[in-house]
Amino acid sequence: MKVALTLSIVLFFGVSQYLIAQVIPEKGDPPPPENIPAYYKSTLEEISEQVKSVKKGTVAHIATSAGGRPVYAVYYGEKDDFQSQANYNSAVAARNPAFFAKKSTATKPVVFLLGPVHGQEVEGMAGLLNLLQIAETGKDHRGRDFTDLQELMSKFRLIIVPLANPDGRARNPYDSYVGLPVEVMTKYGQGTKQDGTLWRWPHAKSLHPMRGNVGILGAYFNDDGINMMHDDFFDPMAKETKAIMDLAKEEVPDITVSLHSCECMPFVIQNAHVPRFMKDRIADFAQQLNESFIRENLPHRKGDYSLARGQDDPDTPKAAFNLVSALHHASGTMSFTFESPHGTLDDGATHEEILDIQLTLYRSILEYALENRLVWD
Ligand SMILES: [Zn+2]
């Protein structure tokens, strides 16, 4: 695969152009969609520019990826002191998470919006760059007024990681999948074997780290072949994963969402390995969110859509203890996965709809977090 941008030693945030260059599709693949709207920003360069423009929040470089690229977090709202005296699971064993973090109604609610760990899932990146623009200016990149959402955000300690896997993003040649066949997303997302056949979902998880029988390394993975969704959370292989886990332990979010996409109508995936009370909250939120999509005439699930609340794997395990499970058990956060449509021919969502789905999700999370605080005192 060729590198789309010429190499240069121009430094930008200490990152050379080489590190923000992206590949182009192989011969025979469909060309990238024409007329991607300017507001649909997701390239490494656009992410760097957006982060550089932050004035009301603060920016931290929380990790350097396996390929040497920066992972950024943007913070809004003062951090409260939760007077931690124990790690989360010890505090729970002492029968009160307040020993881990005193979260009362006097402390601000905390929300952690974790941008894509899968580099082809550009939809969450585009959404979070628009949210950062709203935080800074009150308007999204379409120029639409969102001062009400900006006002809502000001009630929170809000942490935004616009992209958790810059290596994967650099290997993804498409800045949008709107109108493309899903097969091309599968090729560059999960990658190919040496004979050119596609790894596909979920088989792309059967070799981890993804090394050896690899033709194109999918954008799922960092440059070491790690899929952060399925890292070893007791001994993380990727520095990016470690930074995400540390951030949750430090910030103690009421809610954490991990942003993903598929050829699907938008939905929340239940967190398979959290206590029942947390599954109930996630199921309640998922239902409310779907009702918001219906009200706003956006792509949605059926009106009676609901998530499983109590089931565990009956015999052989199928539901993994994944990144969002680990985040809960490290910090107590209400953590779940959200899947957006990609806009492929299979789901048919437009750029406008995808951005509105993202903004509706963020607003719904903030509203839910305000009304359903994690109070530990
Ligand atoms: Zn994903």
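These are my notebook entries on a zinc site, a helix pair and an unusual loop in a predicted model.

**Zinc site.** I looked up the protein donors of the zinc ion first. They are H118 through ND1, E121 through OE, listed twice, and H260 through ND1. Their distances from the zinc ion run from 2.1 to 2.4 Å. I then checked the geometry. The 4 donor atoms subtend angles of 55 to 144° around the zinc ion, so the arrangement is irregular. A tetrahedral label would need all angles between 85 and 135 degrees. I wrote the spacing of the donor residues as H-x2-E-x138-H. E121 and H260 link distant parts of the chain, 139 residues apart. E121 sits in the loop between β5 (110-114) and α4, and H260 belongs to strand β7 (residues 255-262).

**Helix pair.** Next I took helix α2 (residues 44-52) and helix α4 (residues 122-137). Their axes come within 10 Å and cross at roughly 20°. That makes α2 roughly parallel to α4. I noted the crossing of α2 and α4 as left-handed. From α2, the contact uses E46, I47 and Q50. From α4, M125, L129, L132 and Q133 take part. I sorted the residues of this contact into 4 nonpolar, 2 polar and 1 charged.

**Loop between α7 and α8.** Last, I went through backbone features in the loop between α7 (182-190) and α8 (239-251). R200 lies in this loop. Its phi is near 65°, a positive value in a residue other than glycine. W201 and P202 are joined by a cis peptide bond, with omega about 0°. I found another cis peptide bond between H208 and P209, with omega about -5°. P202 is in this loop, and P209 is also there.

Definitions and conventions:
Residues are numbered from 1 along each chain as its sequence is written. This is a predicted model: local features need pLDDT of at least 70, side-chain atom pairs count only at pLDDT 80 or more; totals for chains, interfaces and linings use all residues. Side-chain values use heavy atoms; hydrogens and water are left out. Axes are lines fitted to C-alpha atoms, for helices over the stretch in contact, and angles run from 0 to 180 degrees between N-to-C directions. Helices (H or I, at least four residues) and strands (E, at least two) are DSSP runs, numbered from the N terminus. Angles under 35 degrees count as roughly parallel, over 145 as roughly antiparallel, 65 to 115 as roughly perpendicular and the rest as oblique. A crossing is left-handed if the near helix is turned anticlockwise from the far one by less than a right angle, and right-handed if clockwise. Contact means heavy atoms within 4.5 Å. Ala, Val, Leu, Ile, Met, Phe, Trp, Tyr, Cys and Pro count as nonpolar, Asp, Glu, Lys and Arg as charged, and the others, Gly among them, as polar. Donors are N, O and S atoms within 2.8 Å of the metal (3.2 Å for Na, K and Ca); water is not among the atoms, so sites may look incomplete. Four donors count as tetrahedral if all angles lie between 85 and 135 degrees; four count as square planar and six as octahedral if opposite donors are over 155 degrees apart and all others between 65 and 115; anything else is irregular.
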